[in-house]
Amino acid sequence: MQVKGISHITGGGFYENIPRSIPDGLCAKIQKDSVRILPIFSLIQERGGISEHDMFNTFNMGVGMSIVVPAAQADEALGILKTEGEDAYIIGEIVRSSDGEKIELC
């Protein structure tokens with residue numbers, strides 16, 4: 001198994017932590033609809049009038065860690081993590097960056 005990068009998603013959330021593990025020229029393309037967002041986050045966003053960007057940056061939307069592995073090893077990585085009791089799932093992929101950005105939520 002080749003682990004290419006790990007991000008502990010803490011203060012600074014997605015927009016500050018994930019890019020630290022991505023080399024220049026590449027971008028983490030995160031599929032927002034893949035993130036398992038708990039209902040509490042929608043309530044916080046609605047009641048607080050908080051932008052989606054700030055929700056992902058402040059609350060991480062429940063994602064505590066990201067691990068980057070080659071796409072061909074994703075199923076193996078998920079199997080290992082689930083065997084160890086982790087609720088792991090795929091939230092995106094690493095792609096070439098056309099504009100220098102290191103993270104894109106789409």
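Me: In this predicted model, is F59 buried, partly exposed or exposed?

Reply: F59 has a relative accessible area of 31%, and because the partly exposed class lies between 20% and 50%, F59 is partly exposed. F41, by contrast, has a relative accessible area of 11% and is buried, since buried means under 20%.

Me: How many aromatic pairs are there, and how should I read the geometry of the rings of F41 and F59?

Reply: The general idea is that two rings pair if their centres lie within 6.5 Å, and that the angle between their planes then sets the class, with under 30 degrees counting as stacked, over 60 as edge-to-face and the rest as tilted. The count here comes to one aromatic pair. The ring centres of F41 and F59 are 6.2 Å apart and their planes stand at 45°, so this pair is tilted. The pair links distant parts of the chain, for F41 belongs to helix α2 (residues 39-48), whereas F59, 18 residues apart from F41, sits in the loop between α3 (52-58) and β3.

Me: Which residues of the largest nonpolar core touch the most other members?

Reply: In soluble globular proteins, nonpolar side chains tend to be buried together. The largest nonpolar core here has 16 residues, and those touching the most other members are F14, I18, I30, V35 and I103. At least two residues of this core come from each of β2, α3 and β5 (103-105). If residues up to four places away in sequence are not counted, I103 touches F14, Y15, I18, P19, C27, A28 and I30.

Me: What is the volume of the largest pocket, and which residues lie nearest its centre?

Reply: Rolling a probe the size of a water molecule over the atoms shows where empty space is left. The largest pocket has a volume of about 1,000 Å³, and of the 35 residues that line this pocket, S66, I67, Y89, I90 and I91 lie nearest its centre. Sorted by class, the lining comprises 24 nonpolar, six polar and five charged residues, and at least two lining residues are supplied by each of β2 (26-30), β3 (65-68), α4 (74-83) and β4 (92-96).

Me: Where does P70 lie, and with which residues is P70 in contact beyond its neighbours within four places in sequence?

Reply: P70 lies in the loop between β3 and α4, and its relative accessibility of 23% makes P70 partly exposed. Once the neighbours within four places in sequence are left aside, P70 is in contact with Q2 and K4. The C-alpha atoms of P70 and L26 are separated by 13 Å, the two residues being 44 residues apart along the chain.

Notes. Residues numbered from 1 in each chain as written. Predicted model: local features only at pLDDT ≥ 70, side-chain atom pairs only at ≥ 80, totals over all residues. Heavy atoms only, no water. 1 Å grid on protein atoms, 1.4 Å probe; cavity = no way out; pocket = protein on both sides within 12 Å on 5 of 7 lines; lining within 4 Å. Points joined across faces, edges and corners; volume = space filled by probe spheres on them. Helix = DSSP H or I, 4+ residues; strand = E, 2+ residues; numbered from the N terminus. Nonpolar A, V, L, I, M, F, W, Y, C, P; charged D, E, K, R; others polar. Phe/Tyr/Trp six-rings, centres within 6.5 Å; stacked < 30°, edge-to-face > 60°. Buried < 20%, exposed > 50% of the residue type's maximum accessible area, 1.4 Å probe, protein only. Core = buried A, V, L, I, M, F, W, Y, C linked by side-chain atoms within 4.5 Å. Contact = heavy atoms within 4.5 Å.
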